[in-house]
Amino acid sequence: MLFKHNDFEIISLGREGNNEALELLFEKYSPLIYKKIFHFNLQREKDDMYQEGLMVLHQSLLKYDETFNKTFTKYFEMNLERKYISIVSKQARRYQIFNQHVNFIYENNHADYQESIYFQLYKEEISKILTKTENLVYTLRELQNYSIHYIKDKYGLTEKNIYNSLYRAKQKILTHFSN
């Protein structure tokens, strides 16, 4: 049983590919990984971040050098923190870029796909049963995937008006096609 071995022996066995040693290391360092996940506020992606932590643990195991007079735990913790810092930094940069270009994204976020031969018939059929506003809002939001903010800004409608029009349009379409 591996519990009889010290950390250096477990690390040595893990480097050789011993699955029991790897499982023991994963079990031993799981609480540390979860602690760092909560420390860096990454709970929304807890499972993904845990997998990242296990990969960092395995990489740390392979690269650990005892000659630097540092414990494996400290070495792994440092690597794990650096990984989570880079993830948080990347998320912050993406959020910042999104906020800088939010108008461009909203204006250009529409469906760009090949329409089927029945799509035009569907659009003609629903235009017969919807009001002008309902048809406009339903077409832009549901068929072309424009954002609520874009529709609001472009056509001068309120959010409440847009949501109400969408709801009424969906109800009319459902009723029409279920008969």
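Contact is taken here to mean heavy atoms within 4.5 Å. By this criterion, in the predicted model, isoleucine 33 touches Met49, Tyr50, Gly53, Leu54, Phe76, Leu80 and Tyr84, with residues up to four places away in sequence not counted. Isoleucine 33 is one of the buried residues of helix H2, and the description therefore begins with that helix.Helix H2 comprises residues 19-39, 21 residues in total. From its first C-alpha to its last, H2 reaches 29 Å, close to the 30 Å expected at 1.5 Å a residue. A kink of about 45° is nevertheless found in H2 at tyrosine 29, shortly before proline 31. The N-terminal end of H2 is capped by asparagine 18, a side-chain oxygen of which lies 2.9 Å from the backbone nitrogen of glutamate 20.

The buried residues of H2 are Ala21, Leu22, Leu24, Leu25, Tyr29, Ser30, Leu32, Ile33, Lys36 and Ile37. These residues pack against helix H1 (7-15), helix H3 (46-63) and helix H4 (72-100). The kink position, tyrosine 29, is thus listed among the buried residues. Serine 30, also in helix H2, has a relative accessible area of 12% and counts as buried because this value falls under the 20% cut-off. The side chain of serine 30 makes a polar contact of 2.6 Å with the side chain of tyrosine 50. Tyrosine 50 is also one of the residues touched by isoleucine 33.

In soluble globular proteins, nonpolar side chains tend to be buried together. In the present model, the largest nonpolar core has 24 residues. Those with the most contacts inside this core are Tyr29, Ile33, Ile37, Leu42, Phe72, Phe76 and Tyr84. H1, H2, H3 and H4 each supply at least two residues of the core. The largest share, eight residues, comes from H2. Apart from this core lies another, of 16 residues, among them Leu130, Leu143, Tyr150 and Ile151.

In helix H1, the buried residues are Ile10, Ile11 and Gly14. They lie on the same side of H1, because they cover an arc of only 100° around the axis. The elements covering the buried residues of H1 include H2, H3 and H4. Just after H1, glycine 17 takes a positive phi of about 95°.

Serine 60 is located in helix H3. With a relative accessibility of 1%, serine 60 counts as buried. Neighbours within four places in sequence left aside, serine 60 is in contact with Phe72, Tyr75, Phe76 and Asn79. Of these partners, Phe72 and Phe76 are also listed among the residues with the most contacts inside the largest nonpolar core, and Phe76 is touched by isoleucine 33 as well.

Positive phi values also occur in residues other than glycine. Asparagine 41, just after H2, lies in the loop between H2 and H3 and has a phi near 55°. Its relative accessible area is 51%, so asparagine 41 counts as exposed, the cut-off being over 50%. Asparagine 69 is found in the loop between H3 and H4, and its phi is likewise near 55°. At 70% relative accessibility, asparagine 69 is also exposed.

Two further positions concern later parts of the chain. Tyrosine 118 is placed in the loop between helix H5 (102-108) and H6. With a relative accessibility of 58%, tyrosine 118 counts as exposed. The C-alpha atoms of tyrosine 118 and asparagine 79 are separated by 55 Å, with the two positions 39 residues apart along the chain counted as their separation. Asparagine 79 is one of the contact partners of serine 60.

Isoleucine 129 belongs to helix H6 (residues 119-129). Its relative accessible area is 25%, which makes isoleucine 129 partly exposed. Isoleucine 129 and isoleucine 173 are 44 residues apart along the chain, and their C-alpha atoms are separated by 7.7 Å. Apart from neighbours within four places in sequence, isoleucine 129 is in contact with Lys172, Ile173 and His176.

Definitions and conventions: Residues numbered from 1 in each chain as written. Predicted model: local features only at pLDDT ≥ 70, side-chain atom pairs only at ≥ 80, totals over all residues. Heavy atoms only, no water. Helix = DSSP H or I, 4+ residues; strand = E, 2+ residues; numbered from the N terminus. Expected span 1.5 Å × (residues − 1). Bend = angle between axes of the 7 residues up to and from the residue. Buried < 20%, exposed > 50% of the residue type's maximum accessible area, 1.4 Å probe, protein only. Polar contact = N/O pair within 3.5 Å; in protein donor to acceptor, adjacent residues only side chain to side chain. Core = buried A, V, L, I, M, F, W, Y, C linked by side-chain atoms within 4.5 Å. Arc of directions from axis to C-beta.
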